[in-house]
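Colleague: I have just opened this one and would love a guided tour. Could you walk me through how the pieces fit together?

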Amino acid sequence: MNNIITITMNPCIDKSTSVDNVVAERKLRCARPRYEPGGGGINVSRALKRLGEESTALYPAGGAVGDMLKELLDQEYVLQKPFEIKALSRQSFIVYEESSSQQYRFGMPGPEIRETEWHGFMDRLKQTDFKPDYIICSGSLPPGVPEDFYAGVSKWGKAHGAKTIVDTTGKPLASACREGVFLVKPNLRELEIIEGEAIENEQQQERLARRLVEDVCCEVVVVSLGAAGALLVWKGGVERIRAPTVPIKSKVGAGDSMVAGITAALARTWELPDAVRFGVAAGAAAVMTPGTELCRREDTERLYEQIRNA
């Protein structure tokens, strides 16, 4: 059994609903709201559960929203180790407009996390009662948490034999890359920011991703290309994995599902290219589901076979 830890420093409750039309200055009659736990690492843990793998979700929880997070994760049988913070955990709001099939997503800022609180989180990670094989750092960092936080987690992980996977943006991603991680999953824009160079063609995509590996920033780079799939670069080579064409209902959670798919396959000792194919399949499966729902196992396995046999 592999021990997988997910870290979500800016979790939320995703509140979603639908309405006929979004119209300014008018009271809108919405459908009954749906509440789901959200945030990068939490979604990865939820998707891993759907794919048949266990993980432990570590995250800050504050106030009534934090209590709801715990209850919702319990309902999905996700193992969790929340740590208490004084500020109220955040909520996000998603509205589906039925007339246009458009989705409006409103992300709220995260709570201020005190220095003593995030230091306490690191202490909790270090006191984990099992040795992690994979640590997944996913999502944004809230106010108060330093930009090199994920770099610090990676440093601790490497010292204890864990493979750290980082899926974030901006300076936290760049800082983690400088420390060195097992795998990063930037999109093209994030790759441009890390390398300080505009990308104009596929050859340039490959060169910049390969440079991250050659500079010992990470062992594996999986560049998310959206509907085009993913670019995999590692010491063993370069491979483009095309995404299957699927009906799109919602893009929420596709990236988190991809990370979950890759991690689940690696935990099963699959070869790296097949693990990324499974991740691309999980991401494609996620966009087939409505609202904030994540990938489904049966869809992921079917799409993986389709990708593998293409």
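Modeller: Happily! Keep in mind that this is a predicted model.

Colleague: Let's begin with the sheet of nine strands: in what order do they lie?

Modeller: The sheet is open and its pairing is mixed. Neighbouring strands in it are turned by 20° against each other on average, ignoring direction. Reading across the sheet, the order is 5-4-1-8-9-10-11-12-13.

Colleague: Which strands of that sheet have one side left without a neighbour, and why?

Modeller: A strand with a single partner has one side free of any neighbour in the sheet, so we look to the edges. The two standing there are strand 5 (79–84) and strand 13 (237–241).

Colleague: Do strand 1 and strand 8 run parallel or antiparallel, and which residue stands opposite I4?

Modeller: Strand 1 covers residues 4–7 and strand 8 covers residues 134–138, with four bridges joining them. The two run parallel. Within this pairing, the strand 8 residue opposite I4 is Y134.

Colleague: What angle does the direction of helix 4 make with that of strand 8?

Modeller: Helix 4 (residues 149–159) packs on the sheet and touches strand 1, strand 8, strand 9 (163–167) and strand 10 (181–184). Angles over 145 degrees count as roughly antiparallel. Against strand 8, the direction of helix 4 makes an angle of about 175°.

Colleague: How would you class the packing of helix 3 and helix 4, roughly parallel or roughly antiparallel?

Modeller: The axes of helix 3 (residues 115–126) and helix 4 are 11 Å apart, and the packing angle is about 20°. The cut-off for this class is an angle under 35 degrees. Helix 3 is therefore, with respect to helix 4, roughly parallel.

Colleague: Nice. How many nonpolar residues are there in the contact of helix 3 with helix 4?

Modeller: Helix 3 brings W118, F121, M122, L125 and K126, while helix 4 brings F149, G152, V153 and W156. One residue of this contact is charged and one is polar. The nonpolar ones number seven.

Colleague: Over to the sheet of four strands: which of them stand at the edges?

Modeller: This open sheet has mixed pairing and the order 3-2-6-7. Its neighbouring strands are turned by 25° against each other on average, direction ignored. Each edge strand has a single partner, so one side of each lacks a neighbour: these are strand 3 (34–38) and strand 7 (102–107).

Colleague: And what angle does helix 2 make with strand 3?

Modeller: Strand 3 pairs with strand 2 (residues 12–19) in the antiparallel sense over five bridges, with C12 and G38 as bridge partners. Helix 2 (residues 63–75) packs on this sheet, touching strand 2, strand 3 and strand 6 (90–97). Its direction relative to strand 3 is about 90°.

Colleague: How many charged residues are in the contact of helix 8 with helix 9?

Modeller: The axes of helix 8 (residues 254–267) and helix 9 come within 7 Å and cross at roughly 145°, in a right-handed crossing. Residues meeting there include A254, S257 and G261 of helix 8 and L272, A275 and G279 of helix 9. By class there are 14 nonpolar and four polar residues, and of charged ones, no residues.

Colleague: Last one: how far apart in sequence are the parts tied together by F278 and Y304?

Modeller: Eight aromatic pairs turn up in a search of the whole structure. F278 and Y304 form an edge-to-face pair, 5.7 Å centre to centre with 75° between the planes. F278 belongs to helix 9 (residues 272–287) and Y304 to helix 10 (residues 297–308), so the pair ties together parts whose separation in sequence is 26 residues.

Key
Residues numbered from 1 in each chain as written. Predicted model: local features only at pLDDT ≥ 70, side-chain atom pairs only at ≥ 80, totals over all residues. Heavy atoms only, no water. Pairing = 2+ DSSP bridges. Axes fitted to C-alpha atoms, helices over the stretch in contact; angles between N-to-C directions. Contact = heavy atoms within 4.5 Å. Parallel < 35°, antiparallel > 145°, perpendicular 65-115°, else oblique. Nonpolar A, V, L, I, M, F, W, Y, C, P; charged D, E, K, R; others polar. Phe/Tyr/Trp six-rings, centres within 6.5 Å; stacked < 30°, edge-to-face > 60°. Left-handed = near helix turned anticlockwise from the far one by under 90°.
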